[in-house]
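Subject: Structure for you to look at, with notes

Dear colleague,

I am handing over the structure below, and my notes on what was found in it follow directly after. Please read them with the coordinates open beside you.

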Amino acid sequence: MENYKITRIHEHKKLKDAAANWFHKKWGIPLNAYQESIEESIKNETAVPQWYIAVSDDKIIGGLGIIENDFHNRKDLTPNICALYVEEDFRCNGIAGRLLNTACKDMQEKGINTLYLVTDHTSFYERYGWEFLCMVQCDGETEMSRMYIHKI
């Protein structure tokens, strides 16, 4: 599937509200948290936070963010890929991989060579060069979650 485009929100500010709403609906994190982080990514010249969406026919079909900490106890493991999601109808088309690769390339260009992410998936991220690092405690969770690392 090639009829979609990866878009950096800081380069397409008009999409910020639609993106914040989309992420909020997918993850249930308060809307204002996404709005504030996306707004910060637009205002600041710093590498983090950053937000990316995949768009097809003016519809958001996937996205991810890069934030300092994805609600876990290892504050030293930063920055974190967060909120990676691809709409079910568009999965298995390489969209998640392109989002991950775009984010990693952008971070490398900004001088960040190591990224982290928290997930319960056990094999998906390995396809894209991520390696299991350790278990972490996420805020409000009783079970530990898997932390992955990616050296760019």
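The lining of the largest pocket divides by class into 26 nonpolar, seven polar and ten charged residues, and please keep in mind here and throughout that this is a predicted model. The volume of this largest pocket comes to about 1,200 Å³. Its lining is made up of 43 residues, and those that lie nearest the centre are Trp-27, Cys-82, Ala-83, Leu-84 and Tyr-125. At least two lining residues come from each of H2, E4, H3, E5 and E7, and E4 gives the most, with six residues.

The second largest pocket holds about 150 Å³ of space, and it is lined by Lys-5, Thr-7, His-12, Lys-14, Leu-15, Ala-18, Val-55, Asp-58 and Ile-60. By class, that lining has four nonpolar, two polar and three charged residues. Of these lining residues, I looked further at Lys-14, which is placed in the loop between E1 and H1 and which counts as exposed because its relative accessibility is 71%, where the cut-off is over 50%. Between the C-alpha atoms of Lys-14 and Tyr-34 the distance in space is 15 Å, while the two residues are 20 apart in sequence.

Helix H3, which contributes to the lining of the largest pocket, deserves a paragraph of its own. The helix runs over residues 95-109, and because a rise of 1.5 Å a residue leads one to expect a span of 21 Å for its 15 residues, the 21 Å between its end C-alpha atoms agrees with that expectation. Its buried residues are Ile-95, Ala-96, Gly-97, Leu-99, Leu-100, Thr-102, Ala-103, Cys-104, Asp-106 and Met-107. What covers them includes strands E1 (5-8), E2 (50-56), E3 (59-67), E4 (80-86), E5 (114-119) and E7 (144-151). After H3 comes Gly-111, which has a positive phi, near 90 degrees.

H3 also carries a salt bridge, formed by Glu-109 and Lys-105, with the closest N and O atoms 3.7 Å apart. These two residues both belong to H3 and are four residues apart, about one turn of the helix. This fits the general pattern, since an α-helix has 3.6 residues a turn, so residues three or four places apart point the same way. Glu-109 is exposed, its relative accessible area being 58%.

The count of salt bridges comes to five, and two others among them link parts of the chain that are distant in sequence or lie in separate elements. In one, Lys-16 pairs with Glu-39, with 2.8 Å between the closest N and O atoms; here Lys-16 lies in helix H1 (residues 16-27) and Glu-39 in helix H2 (residues 31-43), so that the pair links distant parts of the chain, 23 residues apart. Lys-16 is partly exposed at 27% relative accessibility, and Glu-39 is partly exposed as well, with a relative accessible area of 25%.

In another, the side chains of Glu-87 and Lys-26 meet at 2.8 Å, N to O. Because Glu-87 lies in the loop between E4 and H3 and Lys-26 in helix H1, this pair ties together parts that are 61 residues apart in sequence. Glu-87 counts as buried because its relative accessibility, 16%, falls under the 20% cut-off, whereas Lys-26 is partly exposed at 28%.

Finally, some points of backbone geometry that you may wish to look at. As background, most residues other than glycine have a negative phi, and most peptide bonds are trans. Val-48 and Pro-49 are joined by a cis peptide bond with omega about 5 degrees, and Pro-49 sits in the loop between H2 and E2. Thr-78 and Pro-79 are likewise joined by a cis peptide bond, with omega about -5 degrees, and Pro-79 is in the loop between E3 and E4.

Asp-57, in the loop between E2 and E3, has a positive phi near 50 degrees and is exposed, with a relative accessible area of 70%. Cys-92, in the loop between E4 and H3, has a positive phi near 65 degrees and is also exposed, with a relative accessible area of 83%.

With best wishes

Methods
Residues are numbered from 1 along each chain as its sequence is written. This is a predicted model: local features need pLDDT of at least 70, side-chain atom pairs count only at pLDDT 80 or more; totals for chains, interfaces and linings use all residues. Side-chain values use heavy atoms; hydrogens and water are left out. The expected span of a helix is 1.5 Å times one less than its number of residues. Buried means under 20% relative accessible area, exposed over 50%, partly exposed in between (1.4 Å probe, protein chains only). Contact means heavy atoms within 4.5 Å. A salt bridge is a side-chain nitrogen of Lys or Arg within 4 Å of a carboxyl oxygen of Asp or Glu. On a 1 Å grid over the protein atoms alone, a cavity is a set of points where a 1.4 Å probe fits but cannot get out, and a pocket is an open set with protein on both sides within 12 Å along at least five of seven lines; lining residues have an atom within 4 Å of a point. Grid points are joined across faces, edges and corners, and a volume is the space filled by probe spheres set on the points. Ala, Val, Leu, Ile, Met, Phe, Trp, Tyr, Cys and Pro count as nonpolar, Asp, Glu, Lys and Arg as charged, and the others, Gly among them, as polar.
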